[in-house]
Each structure stands twice: as structure tokens, then as C-alpha cells.
Amino acid sequence: MIQLVRIDGRLIHGMVAVTWCGSYNPQILVVANTAAANDEFHKMTLKLAKPGGVESVYVWDLDKTVDRLNSTKYANKKIFVSVATVEDAYYLAKRCPAIKHINVGPEVDGEDGRQTEGKVKVSDNVYLNEEKYNLLKELNDSGIEVFAQVTPAMPKVDFSGITKAFEK
């Protein structure tokens, strides 16, 4: 069972490992990121960040993630998926019918780090441009819950709140 797909440019870090995994208690943490999956050192460092209580951390490219999430092998496991970008979440959601919830956290814009210029603030530390908003809108309109929330303890901004930010 896919509990949540979280968009976070840092993939696994303290907030994901401690607060999000602590809140959801997944058995499996999947990092769906093609660049990380193809870089043995990056893959190793991500696996070293395995939170307590999580049985396994997998670092897969997007296509392998789709294949694995759609297989019956992990159907009875609680799975938390971390992706770096809205586009990656969109790619997975369009191909994995079991994805029902997408949490939008802070993205990182390539090697430039977190960029806010030309974007709309939709929540604390969460900024989107119109193209990314439109991808998320399509997913929300298809019945997937899309929301912005930096940590489980912070206020949750549902998609209507995200839309309001774009209407200003």
C-alpha cells in the first residue's frame, strides 16, 4: 500500500527520516530518482539515512519504481515514496493507480538549489510555477489528494488552498 508520495528535492534528510516516516511508520522507503539510482555513491548515502523502524530503503529509477509499485510483491507493505520534483510525482502517479496522496514539499532546482523567483508561495517553503501547478491540478482533478505541507505538525494546505495562492 502506497501511503504517500512526498516531493522533496533533498529526497531523504532529517525531516523525511524522522517526522514523515515517524508519522506514517512505513515498512519500506522508496527513493524514486533516476540520477540517484544511477550513482552508486549517492545511492549508498541515501540508504545510510534509513530511519529506525523502516525495514528497507530502495533507490530506484522512475521506471523501476513504476514496475515495483505495480507488482504484487509489495502490495501488503506500507510504502512511503520520496521524489525530487513535481514532474517525477506526476510520472509515477500517471502510471501507478495505487498512488492516492501526494505531498508537495520544497523542491530543489538542479544545482542552483531552492529557487523562488518566478514562483508562487503555496505554503511555508513550498513554491510552484504555473507549469508545476498545472501538473498537480491534473492529478488532483483525477482524484489524487494533492496537498502542501512541510512537516506533519505544520498546517496542511489542501489543493483549494494551493489554487487560491495562484489566483492572487
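## Strand pairing

Two strands count as paired if DSSP finds at least two bridges between them. In this predicted model, strand S1 (residues 2-7) pairs with strand S5 (residues 101-104) over three bridges. The sense is parallel. Ile 7 has Val 104 of S5 as its bridge partner.

S5 also pairs with S8, again in the parallel sense, here over four bridges. Ile 102 is bridged to Val 146 in S8. In a regular strand, side chains alternate between the two faces of the sheet.

## Helix H7: a buried side

Helix H7 spans residues 159-167. Its buried residues include Phe 159 and Ile 162. Thr 163 and Ala 165 are buried too. These buried residues cover an arc of only 155° around the axis, so they sit on the same side of H7.

What lies over that buried side? The cover of the buried residues includes H6 and four strands: S6 (120-123), S7 (126-128), S8 (145-148) and S9 (157-158). S8 thus has two entries in this report: it pairs with S5, and it helps cover the buried residues of H7.

Which residues does the opposite face carry? Lys 164 and Glu 167 are exposed there, on the face of H7 turned away from its buried side. An α-helix has 3.6 residues a turn, so residues three or four places apart point the same way.

## Leu 135 in helix H6

H6 runs over residues 130-141 and holds Leu 135. Is Leu 135 buried or exposed? Its relative accessible area is 18%, under the 20% cut-off, so Leu 135 is buried.

Beyond its neighbours within four places in sequence, Leu 135 is in contact with Val 86, Glu 87 and Tyr 90. Val 86 is 49 residues away along the chain. The C-alpha atoms of Leu 135 and Val 86 are 7.5 Å apart. The helix that carries Leu 135 is also among the elements covering the buried residues of H7.

## Ser 71 in a loop

Ser 71 belongs to the loop between helix H4 (62-69) and strand S4 (79-83). Its relative accessibility is 26%, which lies between the cut-offs of 20% and 50%, so Ser 71 counts as partly exposed.

A polar atom of the Ser 71 side chain lies 3.4 Å from the backbone nitrogen of Lys 73. Cys 96 is 25 residues from Ser 71 along the chain. The C-alpha atoms of Ser 71 and Cys 96 are separated by 10.0 Å.

Key:
Residues are numbered from 1 along each chain as its sequence is written. This is a predicted model: local features need pLDDT of at least 70, side-chain atom pairs count only at pLDDT 80 or more; totals for chains, interfaces and linings use all residues. Side-chain values use heavy atoms; hydrogens and water are left out. Buried means under 20% relative accessible area, exposed over 50%, partly exposed in between (1.4 Å probe, protein chains only). Contact means heavy atoms within 4.5 Å. The arc is that of the directions from the helix axis to the C-beta atoms. A polar contact is a pair of N or O atoms within 3.5 Å; within protein, one must be able to donate a hydrogen and the other to accept it, and residues adjacent in sequence count only if both atoms are side-chain atoms.
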